[in-house]
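Visitor: I am new here. Please walk me through what is on show.

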Amino acid sequence: MKIAFTTKGTDWDSPIDPRFGRTDYILMYDEDKDVLTAIDNTDISEVAHGAGPRTAQKLFEQKPDVLITGNGPGGNAARALQQGNIKIVTGAGTMTAKQAYDAYKDGKLKSRK
Amino acid sequence: MKIAIASGKGGTGKTTLATNLAHLLSQKFPVVLADLDVEEPNSGFFIKGEKIQEKKVFRMIPEWDQDKCVLCGNCQRVCKFNAVIKLGEEILVFNQLCHGCYACSELCPQNALPMTSYEVGKITEFRQNDLHFLEGRLNVGEEQAVPVIKETINFAEKKFAPGILRIFDAPPGTSCPVIEATKDVDYIILITEPTPFGLYDLKLAVEVMRELKKDFGIVINRHGIGNNDVIRYCKDERIPLIGKIPNMKTAAETYAKGGLLSETIPEIRNALEKIIDNLRTLEVLS
């Protein structure tokens, strides 16, 4: 399974970015291969309108099964993510990516349909 | 002549001044009052009249034609607002992000994004003797006020003789809706309250008016509360202070009942008459 995190950095110890559209990085963890990759999204600060759909598209290209984030995407981004059948998991806004992954595995985070 | 009544801060008295001034002036000559605060129009609480007509406002947005689309992705490359995105084999259009620029539609090699009209609000025209009142109203759930403001101004332009005085009750703030409501007027009255919050937002509004190279003056509402910093600011910046509306409990009571202050409160009527005199001296009113 491929799991995506919205983060402020590029490794497991990076704090989760509670924002979806304007997250600095998307961290991708491929469980089967045990590989962690970081996708730079910092250019989103230049985008005045539609950060949500834009980041959703970037995420969509990675084809994750699950997204772990903080507050959860807004309406526009949620509509785009729905299109990609990505499961949205929220409530990790104060954790590191590693803590968020563990919490998700322990079933401690909320899923949004 | 077109006068807009704007403010930086919300709740400083734009509607109070616009409705009372329009009503008072309409006793002397015909006046058009347009409520351009389309996200929350409330001039209609104070101006009652006979309903003349109602007109729907539409704007144009692209609609994806899946059968024609070859998924080249050109549409999303040209959209500066990320309102059109390609997700796999789907094109998604986000109506609330679309600014109706037609770029995606015109530049689509397959004509797969034809523009279609979509209802976003309405304009209602009322008449009370020599006061013609237009209310622009954005539909609930819509995010873009500018198209409705633009249409309401167009309506006011086309429907009435060029010489008639037009007063615009502008939206608060300093962003696109305010620009749209003020950019083509002859004079702007910025209304503020004499408090630190009022002054802070007034300065932002002044910056906008200077950027737009507009002629403007300031009215202090609820004069008597707060401090004298707004008066000092007007002096330092050489901005005409064209009126002071006194702070009165009876004004709040009358307002809360949807009444016009100029009708029942002599002190406020005097303050309004003084504003009218000052506008004449400044040759804003003839």
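Visitor: Is A:Asp106 buried or exposed?
Guide: This is a predicted model. Exposed means over 50% relative accessible area. A:Asp106 comes to 51%, so A:Asp106 counts as exposed.

Visitor: Which side chain meets A:Asp106 in a salt bridge?
Guide: Side chains of opposite charge can pair when their charged atoms come close. Here the N to O distance is 3.8 Å. The partner is exposed too, with a relative accessible area of 65%. The side chain that meets A:Asp106 is that of A:Lys108.

Visitor: How many residues apart in sequence are the parts that A:Lys105 and A:Glu31 tie together?
Guide: Their side chains meet in a salt bridge at 2.8 Å, N to O. A:Lys105 lies in helix α3, and A:Glu31 lies in the loop between β2 and β3, so the pair ties together parts whose separation in sequence is 74 residues.

Visitor: Where does A:Arg54 lie, given that A:Asp43 is in the loop between β3 and α1?
Guide: The side chains of A:Arg54 and A:Asp43 meet in a salt bridge of 3.9 Å, N to O. The pair ties together parts 11 residues apart in sequence, and A:Arg54 lies in helix α1.

Visitor: How many salt bridges does the structure hold over all chains?
Guide: Some are linked: A:Lys8, A:Asp17 and A:Arg19 form a network. Over all chains, the number of salt bridges is 22.

Visitor: What radius of gyration does chain A have?
Guide: Chain A has 113 residues, and a compact globule of that length would come near 13 Å. Chain A agrees with this, at 12 Å.

Technical notes
Residues are numbered from 1 along each chain as its sequence is written. Chains are lettered from A and ligands numbered from 1 in the order in which they are written. This is a predicted model: local features need pLDDT of at least 70, side-chain atom pairs count only at pLDDT 80 or more; totals for chains, interfaces and linings use all residues. Side-chain values use heavy atoms; hydrogens and water are left out. The radius of gyration is taken over C-alpha atoms; the globule rule is 2.2 Å times the number of residues to the power 0.38. A salt bridge is a side-chain nitrogen of Lys or Arg within 4 Å of a carboxyl oxygen of Asp or Glu. Helices (H or I, at least four residues) and strands (E, at least two) are DSSP runs, numbered from the N terminus. Buried means under 20% relative accessible area, exposed over 50%, partly exposed in between (1.4 Å probe, protein chains only).
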